[in-house]
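Q: I've got a protein model open and I'm a bit lost. Could you show me how to read its features, one at a time?

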Amino acid sequence: MSEASAPSAPPADEVRSPLSDGEWHRMHPLTPLLRGGLFLLVVGGIAIANLRERLVEWLLPAFAPEFGDGELPPDPIDYLVSRNLLLIALLAVLGTVVVLLLLFSLSWRFHTFRITDDDVEVRSGVLFRTHRRAPLDRVQGVNLTRPLVARLLGVGKLEVVGAGTDSNVKLEYLSTSDAETIRADILRLASGRRLGGSAAARSGGTRVRQAASAVGAGLSGLVDGDDQGDVEPESVVHIPAGRLIASRLLSGTTLVLIALIAAIVVGSIVGSIWVLFSFVPAVLGFGAYYVRSVTRALRYSIAPMPSGTRITFGLFTTVSETLPPGRVHAVEVRQSIFWRPFGWWSITVNRLSGRSSSDTNADQFTTVLPVGTRADVERVLKLLLPALPDEDWPFVFDQGILGPRADDPYATTPARARLLRPLSWRRNGYLLTPDALFLRRGFIWRALGVFPLARMQSVGIAQGPVDRMLGVANLTAHVVAGSVTTTVGILERDDALRGFQDAAHGIVAASAGDRSHRWASSEPDQTPAGEPVVEPGAAPADPAAPASDPAAPVADPVEAPDRTHR
C-alpha cells in the first residue's frame, strides 16, 4: 500500500493503551505482598516479641543483663537449641515461607482485569471466585490511592467509582504509570468516545528491572513530591499550611475538646477517677482527628482536566480522584462564625462514592475545598458547576453566601414565623432559576446549597402542625445522600408551594437537555429533523407509513443515545 493511501492514525488522545485492549491482564507482581502486608506485620510482631531477649543481646549488648532477672519467659532459641529442635524449627519456618509464596503466587495469577468498550471487569479468588463489573457509562469517578508503602514501591490502587452502594471496582495494585494510563482510558470511554487501535507495545524488560525502576521512582516521589507536571495542570487553589492548621483549631471541635480537658482537670481535682477513664480516650481521639484532618488536606490541589476535575490530597497516603462532568449532585458552601473575620469558607459536595454507608473513608471524598478565600471558592465553584450561566452567579455570593442584600430575590421566612428562626430569618430562604435551586440558611453557621436541576431526583414539600398554624412549609431537594443539607424550612406556604411546582417542571426540562454524562460523545443532542419522537405512553406511529429501507445501515446499539433517564 502506498504511503498516500495508508489510513491516518487516530489522534493521540484516542489511541487505546495495551492495558485496555479487551484482554485479561494481571495486576502488579507485588500485589499479593501489599494486600497481605497486614498479615506479615502481625507475624513479624509475634516473632520480634518472642525473640526480644536475643535481639537485645545482639543489638544492645550493654542492656542485655537487664533482661536476665527471670521475670520474662526463657528465650525460645535457647529452648530449641537445648532440645536439638533448631533444625526442625528452621525447616518449619522454611516450609511456611514456601507455602506463603505459593499462595501469593496463586492469588496473583488468578487476580486479573480487563477493560472493554463497555465495562471494567476484575476477577479474583482461587477457591472462591469473584467477578465484578462496572459499566463505563455509569462511572462516577476514578480514584488513584497511593499508601505510604505503595508509594515507596512505585505502585498504587485504582478505584472505579460505580453508581450503587458498594459498587466500586478496585484494581489493586498497579504501577503508577499503568494506573495513570488506565485511568485516562476509562475516562475517555466513559465520556462516550470510542478509542482507536492499540498503541505500540511498551518497552520490554524483566519484571525485576521494572520493579527496581518503580521503587526508585517511588522513593524520589516520596522525597521530592509526586511529579505530575506533565499529567495535570497547576492547581487553581493553594492552601497555606498555617491557614489549614488555624482553620482546624477555629472550629466547633475545638470547643468540645476544651470542654473535655476542663472535665478532666475538674475530675482530677475532686478525685473522680472515673472521669479520667471516660474522657482521656476521647481527648486522644480528638488529637488523632486533628492530625488526620491536617495531614489529609496537605498537598491539596484541584485542577481542571479534559475529563473533569482532578482533586489530589494527602501527605502520607495520597489520593487523586477525577470527577467527570455531571457527577456532582449538590454543592454547599459553608462558613462558621469563627472563620468570618478571616473570610474563609469550605465546600462540600454530594456525589455517588460507590462505598457502603459503614465505610469510614467515604467522608473524605465529600470535602472538595477544606478552607479557602472568596477567590478560591469562586474558582472551585466554576469547576464544579460549569453549566451555571453567568446571570446566576450573583445569586451565589452577593445574594446567597453574603446576602441578603438590597432587592433580595430569595423567598424568605415571613414575619409571623420569625420566632422559629430568631437569628436567621432574613437569610433563611430559597431561589429557583431554570438551571439550579439555591437554598440559603444559617446566621452563626452560614451555608448555601446549590442543586443543579439536571441532577435532582425530585422535590418535596412538608408541613407540621405548627407550620400549618403559621402558614409556613418546608422545601426539600431530593438528591443522592451526602453531607449537604437539602432542606430549608419555615417558608411562606405559597412561596414553598410555588417553588415545589416550578422545580418539578424545571427538573424535567433540565434533565431532557442534559448531556453532561456523555460529555465527549458524538451522539446528536436532538432527534434528527423529520424523525418523530415517541415518548412512553404516546400513540404509535401511523401503520400506513412506509417501512424503513431494510438495506439501510443499522446504527451500532452501543452508540445509541442513553434514554434511560427519560
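**Reading a sheet, a helix and a core**

A: Sure, let's start with a sheet. Keep in mind that this is a predicted model. Seven strands make up an open sheet, running in the order E13-E12-E11-E17-E16-E15-E14, with antiparallel pairing.

Q: Which strands are the edge strands?

A: Look for strands that pair on one side only: here they are E13 (367–372) and E14 (411–412).

Q: What holds strands of a sheet together, in general?

A: Strands pair through backbone hydrogen bonds, and the pairing can be parallel or antiparallel. In this model, E12 (residues 345–351) pairs with E13 in the antiparallel sense, over three bridges. Zoom in on tryptophan 345: its bridge partner in E13 is glycine 372.

Q: Which helix packs on the sheet, and which strands does it touch?

A: That's H12 (residues 374–384), which touches E11 (328–335), E12 and E13. The direction of H12 makes about 165° with that of E13.

Q: How do I work out which face of H12 is buried?

A: List the buried residues, then look down the axis. In H12 they are Asp376, Val377, Val380, Leu381, Leu383 and Leu384. They fall within an arc of 155° around the axis, so they line one face of the helix.

Q: And the nonpolar cores, how many residues does the largest one have?

A: It has 40, and Ile347, Leu384 and Phe438 have the most contacts inside it. H12 gives the largest share of this core, five residues. Take leucine 384: beyond its close sequence neighbours (within four places), it is in contact with Leu323, Val328, Val331, Ile347, Val349 and Val368. Apart from that core lies another one, of 22 residues, including Leu136 and Leu189.

Q: Is glutamine 335 buried or exposed?

A: Check the relative accessible area: under 20% counts as buried. Glutamine 335, in strand E11, has just 2%, so it is buried. A polar atom of its side chain lies 3.3 Å from the backbone oxygen of tryptophan 344. With neighbours within four places left aside, the residues in contact with glutamine 335 include Arg340, Trp345, Ile444 and Arg446.

Q: What about glutamate 172, buried or exposed?

A: Glutamate 172 counts as buried, because its relative accessibility is 14%. You'll find glutamate 172 in strand E7 (residues 169–175). Again skipping neighbours within four places in sequence, glutamate 172 is in contact with Met27, Thr31, Arg35, His111 and Lys157.

Key: Residues numbered from 1 in each chain as written. Predicted model: local features only at pLDDT ≥ 70, side-chain atom pairs only at ≥ 80, totals over all residues. Heavy atoms only, no water. Pairing = 2+ DSSP bridges. Helix = DSSP H or I, 4+ residues; strand = E, 2+ residues; numbered from the N terminus. Contact = heavy atoms within 4.5 Å. Axes fitted to C-alpha atoms, helices over the stretch in contact; angles between N-to-C directions. Core = buried A, V, L, I, M, F, W, Y, C linked by side-chain atoms within 4.5 Å. Buried < 20%, exposed > 50% of the residue type's maximum accessible area, 1.4 Å probe, protein only. Arc of directions from axis to C-beta. Polar contact = N/O pair within 3.5 Å; in protein donor to acceptor, adjacent residues only side chain to side chain.
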